[in-house]
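Biologist: I am new to this structure and would like a close look at a single part of it. Please take the pairing of charged side chains, and then say how it sits in the whole.

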Amino acid sequence: MSHLRVLSSGLLAYILWRLIRRLGAPASPLADLRGPKKEHWLKGNYHNLFQDSLDYNLELVEEYGGAVKINALLGAQQLYISDPLALHHIAVKEQHIYTETDMFIMGNRLIFGQGLISTLGEQHRKQRKMLNPVFSLANMRDLLPIIQPIADKLCVILNSQLPADGSATEINILPWLSRGALEYICQAALGHSFNALDPTKDSEYLEAIRMLAPSSIRLLLLRPFIPFIVRNFSLYWRNKIMDWAPIEALKNLRHVVQVMDSTSKKLFADKKAIMEGRSEPDGPGSLAARMKGKDIMSIMLRANTSSSDVDRLTDAELLGQMNTIIFAGFETSTSAICRIFWILASKPDVQLRLRSEVRKAKRSYAKLHAIVGPWEDVGLPYDALMCLPYLDAVVRETLRVHPPTSLLSRTARKDAVLPLYKPIKSVYGEMLSAIAIPEGTTLIMSLLGANHNKELWGEDASEWRPERWLTPTGERVQLSKDSNCGMEDGEGNDPSVPTTEKTPGVKAGMKYPGVYASMMTFLGGGRACIGFKFAEMEIKQVVTTLISHIHFALPSVPDEDGNVKEIYWKVNGLQVPVVRPPAGDNTTAQVPLSLRLVQPDDFFLS
């Protein structure tokens, strides 16, 4: 019998065994909850959540409320949650009960090692304690001017492709913004440049990072089998299974992991040797000289060395953080920045207002500090950049309406009761204000559904409207009673921080437990995105740098068949921009926009 037949027979036997177990299991308490009918004997409704699923996800919440029963893979029933009180219990109050799924933890450990998104319990708390100060505001302030040249170089590259006469050229900005995001996170996190903005220089590591998300998404339906395989097969046999399996994406993923692992080990060894005095950094003018040890990895290594034996992380744990930070800071930032420029291209009045605000701020800063030269080339410091009202509103509203990641899962580690802010109707017509959650239940947290909740955000919750973050006079809305330049993000999941009824996403004291304002984009609690301050800083720096020089518009020139490109954003777990047929294939990720040099009439009159 061939290896393929053995593997196929084993997989089929496992599927049948799981389905038979489901048939013999007692009825789940979730059976009383409403939800869409099962559409497939194996996949249930699960696949609909991740395949061009924006409308499907929002319709679930609209029809069934903040807690919905989902028929998942292999006959399992899961709970789809967007209710604010329930999410507060899952992410904050009872986060020790609702932890990451085994599939998530084991899958990430196979890819990233013992990083922050691959650990639980005390090990995760110890890692978080070490990393939290690394992403402090003080470190972000130091880092911003050091990485400004990345945005400047990206701007020069795009500018060089534009006609000097002010006419427009269509450019697919996705590859360039992707390269820029990679260079940002590699320099900031590792203090190392892979020359991502130089297309003539190949890097196996950069290609591996770029291929990680697409390879993982293609294997989405195989991910539930990871815990079974890890628990029952040694590393030797797991590699044999990958050799035998006729799945190209699986082999690609293994190659990606091998490249990431070998590269990060070398960079880690080099960084550690320099810190311990066993090696010398590059000379004056180098990136290392410019960084002065302010990159995230150097700060983390120094903090780890000075820690007590109890708090100190192992080399394996430190190594695990490297690829975790790179991946987490690359894909989502690229998506968010591309989405903002697409919105600016779609809404010329928004672009006009934003560019005018940026020009005013740069001119004021240049005058105050006697900076000579074009205002366009002025780099704003951290506090000035973060407090631009309209820029802040545009970024917040984009991240709210279009969160780069739409769904995350948790597993109940013991029986629990989950309270609801707004009661839901059972299949028997009863109103339920709480749900009994059996041990082992998987809960899907809908960040998308939370950010579009009409109960808290208003009837226009799904409308992109940055003015919701501004006062009638154009200042930032006061997000907490004690804030000046807006709520200190990071306190959003702390119920002791007093909000006002004018705070977006707050109603009668109820709000989502998000670490970033009152939205769930970066989650909340002990598993919230640790690098959200860096992500916000990067987004704002790239936007202000490019919009100062370049005007963006939607494609308008027909192709040879008379078709104009229409960009469409698929929600496949991650946001994937494509071009609709007939001008595009509806598959290839791309953001083609019409770019030209900024003209005098691209501003409000001042």
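**Charged pairs in the chain**

Modeller: Arg413 has a relative accessible area of 31%, so the residue counts as partly exposed. The cut-offs behind that word are under 20% for buried and over 50% for exposed, with partly exposed in between. This is a predicted model, so every value here is computed from it. Side chains of opposite charge can pair when their charged atoms come close. The partner of Arg413 is Asp102, and their side chains meet in a salt bridge with a distance of 3.1 Å from N to O. This pair links distant parts of the chain: Asp102 belongs to helix H4 (residues 102-112), while Arg413 lies in the loop between strand E5 (407-412) and strand E6 (416-425), 311 residues apart. Asp102 is partly exposed as well, because its relative accessible area is 24%.

A second pair joins Arg141 and Asp383, whose closest N and O atoms are 2.9 Å apart. Here too distant parts of the chain are linked, since Arg141 sits in helix H6 (residues 137-159) and Asp383 in helix H16 (residues 382-386), with their positions 242 residues apart. Arg141 has a relative accessible area of 35%, so this residue is partly exposed. Asp383 is also partly exposed, at 42%.

A third salt bridge is formed by Lys271 and Asp295, with 3.3 Å between the closest N and O atoms. Lys271 is in helix H11 (residues 248-275), and Asp295 is in the loop between helix H12 (287-291) and helix H13 (296-305), 24 residues apart. Both of these residues are buried, which puts each of them under 20% relative accessible area.

Charged residues also join in a group: Asp392, Arg396, Arg476, Glu536 and Lys540 are linked in a network of salt bridges. Helix H20 covers residues 532-549, a range that takes in Glu536 and Lys540 of the network. This helix is largely enclosed by the rest of the structure, because 18 of its 18 residues are buried. The length of H20 can be checked: its 18 residues should span 26 Å at 1.5 Å a residue, and this agrees with the 27 Å between its end C-alpha atoms.

For a contrast with that enclosed helix, take Ser306, in the loop between H13 and helix H14 (315-346). Ser306 counts as exposed because its relative accessibility is 62%. Between Ser306 and Ala208 there are 33 Å in space, C-alpha to C-alpha, and 98 residues in sequence.

Now the whole. The pairs named above are among 29 salt bridges found in a search of the entire structure. The protein chain has 20 helices and 12 strands. Its radius of gyration is 25 Å, close to the 25 Å that the globule rule gives for 606 residues, so the chain is as compact as a globular protein of that length. Along the principal axes, its C-alpha atoms fill a box of roughly 75 × 60 × 60 Å. Of the 606 residues, 53% count as buried. Among contacts with a separation of 6 or more, 72% come from residues 24 or more positions apart. The accessible surface comes to about 26800 Å², and carbon and sulfur atoms hold 56% of that area.

Terms used
Residues are numbered from 1 along each chain as its sequence is written. This is a predicted model: local features need pLDDT of at least 70, side-chain atom pairs count only at pLDDT 80 or more; totals for chains, interfaces and linings use all residues. Side-chain values use heavy atoms; hydrogens and water are left out. A salt bridge is a side-chain nitrogen of Lys or Arg within 4 Å of a carboxyl oxygen of Asp or Glu. Helices (H or I, at least four residues) and strands (E, at least two) are DSSP runs, numbered from the N terminus. Buried means under 20% relative accessible area, exposed over 50%, partly exposed in between (1.4 Å probe, protein chains only). The expected span of a helix is 1.5 Å times one less than its number of residues. The radius of gyration is taken over C-alpha atoms; the globule rule is 2.2 Å times the number of residues to the power 0.38. Contact means heavy atoms within 4.5 Å. Accessible areas come from the Shrake-Rupley method with a 1.4 Å probe; for residues, only the protein chains shown count as cover.
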